[in-house]
Amino acid sequence: MTGSANKSSYREKRLKAKEICCHCCGKKPPFCWKCKCGFSICQDCMQENAWSLSCNGITWQCPDCGKQNELGNQ
Ligand SMILES: [Zn+2]
Ligand SMILES: [Zn+2]
C-alpha cells in the first residue's frame, strides 16, 4: 500500500534544472565532485578546502553527511 500524495509540478520542475552547482561558491563548474547525499563541490573549492576535506588525497569527506567519497572515481 503506497500513498500517492506525491504531486509533481511541471513549473517547479522547470525551475529546478539539473544543473550542478558547487555548494561552496555557488558557481556552476564544468566538473565537480558529488556526494550521494546531494552535496557537490567544484575543483577550486575542493583544492581550497583540501586540508579539511581530504587528508590523504584519495578520499574526501562530505561536510554534509560525513561520508567518505573517492577523489578519483567520479
Ligand atoms: Zn566551488
Ligand atoms: Zn554527503
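A residue is called buried when its relative accessible area is under 20%, and in the predicted model described here both cysteine 22 and cysteine 42 are buried in this sense. The two residues are donors to a metal ion, and the description below begins with the chain as a whole before turning to the metal sites, the nonpolar core and a few individual side chains.

The chain contains three helices and four strands, and these elements follow one another along the sequence in the pattern α-β-β-α-α-β-β. Of its 74 residues, 24% count as buried, while the area that the chain exposes amounts to about 6,300 Å², with carbon and sulfur atoms supplying 50% of that area. When contacts with a separation of 6 or more are considered, 25% of them are accounted for by residues that stand 24 or more positions apart.

Two zinc ions are present in the model. The zinc ion (ligand 1) is coordinated through the SG atoms of Cys22, Cys25, Cys42 and Cys45, at 2.2 to 2.3 Å. The angles subtended by the four donor atoms around this ion run from 106 to 114°, and the arrangement is therefore tetrahedral. Along the sequence, the donor residues of the zinc ion (ligand 1) follow the spacing C-x2-C-x16-C-x2-C. Because cysteine 22 belongs to the loop between helix H1 (10-15) and E1, whereas cysteine 42 belongs to strand E2, the pair ties together parts of the chain that are 20 residues apart in sequence.

The zinc ion (ligand 2) is likewise coordinated by SG atoms, here those of Cys35, Cys37, Cys62 and Cys65, at 2.2 to 2.3 Å. Its four donor atoms subtend angles of 105 to 116°, which makes this arrangement tetrahedral. The spacing of the donor residues of the zinc ion (ligand 2) in sequence is C-x1-C-x24-C-x2-C. Cysteine 35 is located in the loop between E1 and E2, and cysteine 65 in the loop between strand E3 (59-61) and strand E4 (68-70), so this pair ties together parts that are 30 residues apart in sequence. With a relative accessibility of 7%, cysteine 35 counts as buried, but cysteine 65, at 43%, counts as partly exposed.

In soluble globular proteins, nonpolar side chains tend to be buried together. In the present model the largest nonpolar core has 13 residues, of which Trp33, Phe39, Ile41, Met46 and Trp60 touch the most other members. At least two residues of this core are supplied by each of strand E1 (32-34), strand E2 (40-42) and helix H2 (43-48). When residues up to four places away in sequence are not counted, methionine 46 touches Trp33, Ile41, Leu53, Trp60 and Leu71.

Leucine 71, one of the residues touched by methionine 46, is placed in the segment after E4 and is buried, its relative accessible area being 17%. Residues up to four places away in sequence again being set aside, leucine 71 touches Trp33, Met46, Ser54, Gly57, Ile58, Thr59 and Trp60. Although leucine 71 and tryptophan 60 are 11 residues apart along the chain, their C-alpha atoms are separated by 6.3 Å.

Serine 54, which is among the residues touched by leucine 71, lies in the loop between helix H3 (50-53) and E3 and counts as buried at 12% relative accessibility. Polar atoms of the serine 54 side chain are found 3.0 Å from the backbone nitrogen of glycine 57 and 2.8 Å from the backbone oxygen of threonine 59. Neighbours within four places in sequence being left aside, serine 54 is in contact with Asn49, Thr59, Trp60 and Leu71.

A second serine, serine 40, is part of strand E2 and is also buried, with a relative accessible area of 4%. The side chain of serine 40 reaches the backbone oxygen of cysteine 21 at 2.8 Å. Beyond its neighbours within four places in sequence, serine 40 is in contact with Ile20, Cys21, Cys22, His23, Cys32, Trp33 and Lys34, a list that includes Cys22, a donor to the zinc ion (ligand 1), and Trp33, a member of the largest nonpolar core.

Terms used
Residues numbered from 1 in each chain as written. Chains lettered and ligands numbered in written order. Predicted model: local features only at pLDDT ≥ 70, side-chain atom pairs only at ≥ 80, totals over all residues. Heavy atoms only, no water. Core = buried A, V, L, I, M, F, W, Y, C linked by side-chain atoms within 4.5 Å. Buried < 20%, exposed > 50% of the residue type's maximum accessible area, 1.4 Å probe, protein only. Contact = heavy atoms within 4.5 Å. Donors = N, O, S within 2.8 Å, 3.2 Å for Na, K, Ca; no water. Tetrahedral: all angles 85-135°; square planar, octahedral: opposite > 155°, others 65-115°. Areas by Shrake-Rupley, 256 points an atom, 1.4 Å probe, with all protein chains shown as cover. Polar contact = N/O pair within 3.5 Å; in protein donor to acceptor, adjacent residues only side chain to side chain.
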